[in-house]
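New page in the notebook, new structure on the screen. I'm jotting down what I look up as I go.

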Amino acid sequence: MILPEPINTIPHLIDQYHKSQSEKPRPHLGCSLLGHPCDRWLWLSFRWAVIEAFEGRILRLFRRGQNEEAIIIRDLRNIGVDVRSSQQRVTFGSHVSGSLDGVIESGVPEAPTKRHVAEFKTHSKKSFDDMVKGGVEKSKPMHYVQMQVYMHGTDILRALYVAVCKDDDRLYVERVRYDPDVATRAVERGQRIALADRMPPPVSTDPTWYQCRFCPAHGFCHKAEPTRHANCRTCAHSSPLANSTWRCERHDADNIPVNFQHTGCDDHIIHPDLVPWPMIPSEDGHSVMWRIGDRVIENSASAYKSREILANPAVCGTDEVENVKRVFPDAEVVA
């Protein structure tokens, strides 16, 4: 019999540390996502309705990619390329924005006097070989669109894509020409999705579709799983505005602070597109009723809060839970 690996090994502890330090979801719809094939995924991720949880190993891979940027910049400068790694930000309004890896002022051998948007990426061997064969636009369309949007936001007509193979340190470099049609469509698509009150359709309704199989929203889209997150962006009372802020109708409040958005308040009402249950609206507009199986559950601050329903919808409204709440009025369903 093989004994299980101890949980207090150094690799495990390191990975747990990285998981504990993982960042909260970004408040904007990032330019790096605008080439994603699925409108629904962009909407769900911007709404913090499906938040991808990464293992510690993956987070360490992300760190390696970030650390590689400084190495690439140093190598480029050593051969005379004037790279400004200022993390320049581009903002298009309606919640769409992003940060560049850098701007090259001059020194690219093929065009020494031309400015370039700089984009640096790391790849596995398989991904790298595919990109070398097909080029950035074909093999990495999200990276291609990302560069187009950055060029659009900076009025720079060229981009320099520098990729490193993590397996053998090979380099791939490609210059990309600005395409205003691609950039404009991507920005307008992002703005439309960010400001949409209702959830757009998915890229496919087939759960085996190659772009869906490994998507973090697969269970949500194809198995009727509800969102697990009660925050201002999953609340039916809040709406994104064109000035890149959020408004709460329940409390007549504009410009909800980003830090507050992550948790919201007890008046949270689940957005009807984010759960698979039939909704029965209320007359006061401050609560709704959800039909979950053979039970009707009130979603309000004074009955079942959203975080309770999303924590365990199967027990909310059952006799056992109702009895506990009668004895302990402040008791909450937590799991």
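Is the crossing in which α2 passes α7 left-handed or right-handed? I looked, and α2 passes α7 in a right-handed crossing. A reminder to myself before I go on: this is a predicted model.

**Entry 1: α2 and α7**

I placed the two helices in the sequence: α2 covers residues 39–46 and α7 covers residues 180–195. Their axes come within 9 Å and cross at roughly 55°. That angle makes α2 oblique to α7. Next I listed who meets whom. From α2 I noted D39, L42, W43 and F46, and on the α7 side R189, R192, I193 and A194. Sorted by class, this contact has five nonpolar residues, three charged ones and no polar ones.

**Entry 2: α6 and α7**

I stayed with α7 and turned to α6. At what angle do the axes of α6 and α7 cross? I get roughly 95°, with the axes coming within 8 Å. The two helices are therefore roughly perpendicular to each other. In this contact, Y144, V145, Q148, V149 and H152 of α6 meet V182, A183, T184, A186 and V187 of α7. I sorted these by class too: seven are nonpolar, three are polar and none is charged.

**Entry 3: the cores**

Then I went looking for nonpolar cores. A general note first: in soluble globular proteins, nonpolar side chains tend to be buried together. Here, the largest nonpolar core has 60 residues, and L44, V149, W290 and I309 touch the most other members. Which helix gives this core its largest share? I wrote down α6 (residues 141–154), with six residues. V149 I had already met in the contact of α6 with α7.

I picked I309 for a closer look. Leaving aside neighbours within four places in sequence, I309 is in contact with I270, W277, W290, I292, I297, E298, N299, Y304 and C316. Apart from the largest core lies another one of 12 residues, among them V108, F120, L160 and V164.

**Entry 4: F128**

Last stop, F128, which sits in helix α4 (residues 125–134). Is F128 buried or exposed? Its relative accessible area is 2%, and the cut-off for buried is under 20%, so F128 counts as buried. Not counting residues up to four places away in sequence, I found F128 touching H123, A163, V164, C165, R170, L171 and Y172. V164 is also among the residues of the 12-residue core. I checked one spacing as well: F128 and D167 are 39 residues apart in sequence, and their C-alpha atoms are 9.5 Å apart in space.

Terms used. Residues are numbered from 1 along each chain as its sequence is written. This is a predicted model: local features need pLDDT of at least 70, side-chain atom pairs count only at pLDDT 80 or more; totals for chains, interfaces and linings use all residues. Side-chain values use heavy atoms; hydrogens and water are left out. A nonpolar core is a set of buried Ala, Val, Leu, Ile, Met, Phe, Trp, Tyr and Cys residues joined through side-chain atoms within 4.5 Å. Buried means under 20% relative accessible area, exposed over 50%, partly exposed in between (1.4 Å probe, protein chains only). Helices (H or I, at least four residues) and strands (E, at least two) are DSSP runs, numbered from the N terminus. Contact means heavy atoms within 4.5 Å. Axes are lines fitted to C-alpha atoms, for helices over the stretch in contact, and angles run from 0 to 180 degrees between N-to-C directions. Angles under 35 degrees count as roughly parallel, over 145 as roughly antiparallel, 65 to 115 as roughly perpendicular and the rest as oblique. A crossing is left-handed if the near helix is turned anticlockwise from the far one by less than a right angle, and right-handed if clockwise. Ala, Val, Leu, Ile, Met, Phe, Trp, Tyr, Cys and Pro count as nonpolar, Asp, Glu, Lys and Arg as charged, and the others, Gly among them, as polar.
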